Amino acid sequence: QNDFPSVNLCAFPFILNAQAKTTMLQTDAELQMQMAVSGANLHNVFMLLTLEPHLARNPYLVLHVRRNHLVSDTLRELTMYSDVDLKKPLKVIFDGEEAVDAGGVTKEFFLLLLKELLDPVYGMFTHYTESNLLWFSDKCFVEQNWFHLIGIICGLAIYNSTVVDLHFPLALYKKLLDVPPTLEDFKELSPTEARSLQQLLDYEGGDVEETFLLNFSITRENYGMTEIKELVPGGESIAVDKNN
């Protein structure tokens, strides 16, 4: 008899390198897909035996979309499915096209959908040219469920072994893990602004207010309009000094 308790290596992620973690996640996804397909097939056999074939379930997560209405169609399709359905292997069908989805159609779907969601016309993200990274915009022209859609799409892409091209800084992953970001993370996203803040922090003179002439607000261009955004309540009238 073995008196030693079993050890779950997944509980110690520092033991596994990136390749091992990738393989483990892919294997887990494949197993969950197999279980989802088996569950649907078992249900369908039961429905045939009870003479209710109209209640059969598709063993795949099928998305029917039109190329010129990609975002709205994807939103509509995904709202029809439950979390359990999202575990099934994904098949994408473009309206009016006969191509069988052996993986290429799905990859094209993710590429086109994310490209459209990142379009500046929706204002969901801000692109930082200096670092070529993305961050969330506070000036958004779409419903909050669009952000939820991006989360689902990223999850589906990873789950279906498809790489999505989204350039986010490390701060995003820190936030997902509830780790507070620091000025170092801002340096990755916007190096010039971060260097200016670092110079402010490093300044040892007592005349901060007179030297830097700053208050707790920022001025920025927003679709051709100049706006002032206060960083704290009443920030436009609070000068930055040695104490604050």
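In what order do the elements of the protein run from the N terminus on? The order is α-β-α-β-α-β-β-α-α-α-α-α-β-β, which comes to eight helices and six strands. Helices here are DSSP runs of H or I with at least four residues, strands are runs of E with at least two, and both are numbered from the N terminus.

A word on the ground rules before the tour. This is a predicted model, in which local features need pLDDT of at least 70 and side-chain atom pairs count only at pLDDT 80 or more, while totals for chains, interfaces and linings use all residues. Residues are numbered from 1 along each chain as its sequence is written, and side-chain values use heavy atoms, with hydrogens and water left out.

**Confidence and burial**

The pLDDT (the predictor's confidence in each residue, from 0 to 100) averages 83 over the protein, and 89% of the residues score at least 70. Among the elements, helix H6 (residues 183-189) has the highest mean, 95, and H1 the lowest, 74. Of the 244 residues, 30% count as buried. Buried means under 20% relative accessible area, exposed means over 50%, and partly exposed lies in between (1.4 Å probe, protein chains only).

**The strands**

Let us look at the strand pairs, where two strands pair if DSSP finds at least two bridges between them. Strand E1 (residues 61-65) and E2 run parallel and are joined by five bridges. His64 stands opposite Ile93 in E2. Along E2 (residues 90-94) the side chains alternate: Leu90, Val92 and Phe94 are buried on one face, whereas Lys91 and Ile93 point to the other and are not buried.

Strands E3 (residues 125-128) and E4 (residues 133-136) pair in the antiparallel sense, over four bridges. One partnership links Thr126 to Trp135 in E4. The two strands form a hairpin with four residues between them.

**Positive phi values**

Asn132 is found in the loop between E3 and E4. Its phi is positive, about 60°, although Asn132 is not a glycine. Asn132 is partly exposed, because its relative accessible area is 43%. Leu213, in the loop between helix H8 (208-212) and strand E5 (217-222), is likewise not a glycine and has a positive phi of about 50°. With 70% relative accessibility, Leu213 counts as exposed. Ser161, just after H4, takes a positive phi of about 55°.

**Helix H4**

Which residues of H4 are buried? They are Trp146, Phe147, Leu149, Ile150, Ile153, Cys154, Leu156, Ala157 and Tyr159. Helix H4 (residues 145-159) has 15 residues and reaches 21 Å from its first C-alpha to its last, close to the expected 21 Å at 1.5 Å a residue. That expected span is 1.5 Å times one less than the number of residues.

**Salt bridges**

Side chains of opposite charge can pair when their charged atoms come close. The structure holds nine salt bridges, each defined as a side-chain nitrogen of Lys or Arg within 4 Å of a carboxyl oxygen of Asp or Glu. Three of them are listed here.

| Pair | N to O distance |
|---|---|
| Arg66 and Asp73 | 2.9 Å |
| Arg76 and Asp73 | 3.0 Å |
| Arg220 and Glu227 | 3.1 Å |

Arg220 is partly exposed, with a relative accessible area of 27%. Salt bridges that share partners join Arg66, Asp73, Arg76 and Glu77 into one network. Within that network, Asp73 is buried, at a relative accessible area of 2%. Arg66 is partly exposed at 34%, and Arg76 is partly exposed at 39%. Arg76 and Asp73 both lie in helix H2 (residues 70-79), three residues apart, about one turn of the helix. An α-helix has 3.6 residues a turn, so residues three or four places apart point the same way.

**A nonpolar patch**

Finally, the surface carries a nonpolar patch formed by Val7, Leu9, Phe12, Phe14 and Ile15, with about 540 Å² of accessible area together. Patches are made of residues with over 30% relative accessible area and no salt bridge; like charges are joined within 9 Å, and nonpolar side chains (Val, Leu, Ile, Met, Phe, Trp, Tyr) within 5 Å. The areas come from the Shrake-Rupley method with a 1.4 Å probe, and for residues only the protein chains shown count as cover. Val7 is found in the segment before helix H1 (18-49). Val7 counts as exposed, because its relative accessibility is 61%.
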